[in-house]
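Take a walk through this chain, from its overall build down to single residues. Keep the model open as you read.

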Amino acid sequence: MSHHNYITGKTKYMNPYLAGVILGLVLLLSFYLTGRGLGASGAMKSVVVTTVETVAHTKAEESGFYGKYIANGQNPMNSWLVFQVLGVVVGGFISGAVSGRLSLKTEHSPNITKKRRIVMAILGGALFGFGSQFGRGCTSGAALSGMATLSLAGFVTMVAIFGTAYVFAYFFRKNWI
């Protein structure tokens, strides 16, 4: 059953206020059950470390950065962040299937090509990934979880992320409008 209203041309999504409350409850449960907040960028770091360790084991062992994640036979993929991100992917897939919105497509502005949309998405994701490592966390870990613990750094991070997004949106909006 599709949740697309063909009269108005709009697809139904979850009420954003309800989604916000649910996200808050998930964050609260995360703190209660694991003693940690939410995060995602650490999972990508685990994938990168595992890849480097697989391709160049000796180089990874000797590296000051990679070495600390594989010392004493540690497996960087055995991390709660990896399992959390896998849960997000599986949950997103299930949500899309249940709501009738599961399809393979590239959404983009009619003013740009599919290829440009993909290139811009990869470039934006890479820049955000590097930024999250320099800032010691992503929107979920540094900002959302930080703000939940009333950390000044969490509030500064959220303002920086959204402030930068608003500034750059002016210059890059032609890629999606």
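**A walk through the chain**

Start at Ala71. This residue is partly exposed, because its relative accessible area is 29%. Ala71 sits in the loop between α4 and α5. Its C-alpha lies 7.4 Å from that of Glu61, and the two residues are 10 apart in sequence. Keep in mind that the model is predicted.

Stay in that loop and move to Asn72. Asn72 too is placed between α4, residues 64–70, and α5, residues 80–99. Asn72 counts as exposed because its relative accessibility is 82%. Now look at its backbone. Most residues other than glycine have a negative phi. Asn72 has a positive phi, near 55°.

Another positive phi turns up further along. Leu150 is not a glycine, yet its phi is near 60°. Leu150 belongs to the loop between α7, residues 139–148, and α8. Is Leu150 buried or exposed? Its relative accessible area is 68%, so Leu150 is exposed.

Now step back to the whole chain. Its secondary structure consists of eight helices and two strands. What pattern does the chain follow along the sequence? It reads β-β-α-α-α-α-α-α-α-α. Along the principal axes, the C-alpha atoms fill a box of roughly 60 × 40 × 35 Å.

How much of the chain is buried? Of its 177 residues, 19% are buried. The exposed area of the chain is about 13200 Å². Carbon and sulfur atoms supply 69% of that area. Next, consider contacts with a sequence separation of 6 or more. Residues 24 or more positions apart account for 53% of them.

Return to α7 for a closer look. Met147 is part of this helix. Met147 counts as partly exposed because its relative accessibility is 26%. Which residues does Met147 touch, once neighbours within four places in sequence are set aside? The contacts are Ala142, Gly154, Phe155 and Met158. Helix α8 covers residues 152–172. Gly154, Phe155 and Met158, by their numbers, fall within that range. Thr34 makes a useful second marker. Met147 and Thr34 are 113 residues apart in sequence, and their C-alpha atoms are 18 Å apart in space.

Follow α8 onward. Phe172 lies in this helix. At 36% relative accessibility, Phe172 is partly exposed, because that class runs between under 20% for buried and over 50% for exposed. Phe172 also contributes to a nonpolar surface patch. Its partners in the patch are Val167, Phe168, Tyr170, Phe171 and Trp176. Together, the six side chains' residues make a patch of about 690 Å².

Last, turn to charge. The chain carries 15 positive and 4 negative charges. The mean positions of the two sets are 22 Å apart. Side chains of opposite charge can pair when their charged atoms come close. How many salt bridges does a search of the whole structure find? The search finds one. This salt bridge joins the side chains of Glu107 and Lys105, at 3.3 Å from N to O. Glu107 and Lys105 are both exposed.

Terms used: Residues numbered from 1 in each chain as written. Predicted model: local features only at pLDDT ≥ 70, side-chain atom pairs only at ≥ 80, totals over all residues. Heavy atoms only, no water. Patch = residues over 30% accessible without salt bridge, like charges linked within 9 Å, V, L, I, M, F, W, Y side chains within 5 Å. Areas by Shrake-Rupley, 256 points an atom, 1.4 Å probe, with all protein chains shown as cover. Salt bridge = Lys/Arg side-chain N within 4 Å of Asp/Glu carboxyl O. Helix = DSSP H or I, 4+ residues; strand = E, 2+ residues; numbered from the N terminus. Buried < 20%, exposed > 50% of the residue type's maximum accessible area, 1.4 Å probe, protein only. Contact = heavy atoms within 4.5 Å. Lys, Arg positive; Asp, Glu negative; His and termini not counted. Charge placed at Lys NZ, Arg CZ, Asp CG, Glu CD.
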